[in-house]
Amino acid sequence: MAAGADRHQWDRVRAAFADTVTLDYTSLWGGAPSTLSAEDVVEQWSGLLPGFDTTQHLVTNHAISTTAADAAVAEADFQAAHRLGGEMWILMGRYHYDLVKRDGSWRITRLVMTWTHESGDRGLVEKAVTRASRLE
């Protein structure tokens, strides 16, 4: 998921998700979790990430617990760097994944991002959205 997003490999991102996925970024942005089709997730991310000059999502310290033959829960720590011009926004925290096994492959059904800390300018996200819309 993360490497595909950083490389703008949208088919790879799509393949990481089940047909329907719940995204929860409420620890960072507030609001409520959203349940979307995987195609809608790809549309959202592809409308944002290309607006940065580069992004790099480093995901580590994976802990996986299988709850059934076709379902699992995983957690990992992350650091996500977003660069636009000479400015950076670096976000750090934890991911919680709910996974299902479909047709022999594991897919994310729920992704919860828990913010722990950040540095730089969170406002770069708005700038990246504007910039990405001009690239289309």
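Contact here means heavy atoms within 4.5 Å. The model shown in these views is predicted.

**View A. Contacts of Ile108.** Leaving out residues up to four places away in sequence, Ile108 touches Met1, Ala16, Phe17, Ala18 and Val21. Ile108 also touches Tyr97, Asp98 and Leu99. Ile108 belongs to the largest nonpolar core.

**View B. The largest nonpolar core.** This core holds 33 residues. Met1, Phe17, Leu23, Trp45, Tyr97 and Ile108 touch the most other members. Three helices and four strands are shown by name: helix 2 (10–16), helix 4 (38–46) and helix 5 (124–135), with strand 1 (17–24), strand 4 (71–84), strand 5 (87–102) and strand 6 (105–120), each giving two or more residues to the core. Strand 4 supplies the largest share, six residues. In soluble globular proteins, nonpolar side chains tend to be buried together.

**View C. Strand 3 against strand 4.** Strand 3 (residues 54–68) and strand 4 run antiparallel. Twelve bridges join them. Thr55 has His82 in strand 4 as its bridge partner. The two strands form a hairpin, with two residues between them.

**View D. Strand 4 against strand 5.** This pairing is also antiparallel and spans 14 bridges. Ala74 has Tyr97 in strand 5 as its bridge partner. Tyr97 is also among the core residues that touch the most other members, and Ile108 touches Tyr97.

**View E. The turn between strand 4 and strand 5.** These strands form a hairpin with two residues between them. Gly85 takes a positive phi near 60° in this hairpin.

Key. Residues are numbered from 1 along each chain as its sequence is written. This is a predicted model: local features need pLDDT of at least 70, side-chain atom pairs count only at pLDDT 80 or more; totals for chains, interfaces and linings use all residues. Side-chain values use heavy atoms; hydrogens and water are left out. A nonpolar core is a set of buried Ala, Val, Leu, Ile, Met, Phe, Trp, Tyr and Cys residues joined through side-chain atoms within 4.5 Å. Buried means under 20% relative accessible area, exposed over 50%, partly exposed in between (1.4 Å probe, protein chains only). Two strands pair if DSSP finds at least two bridges between them.
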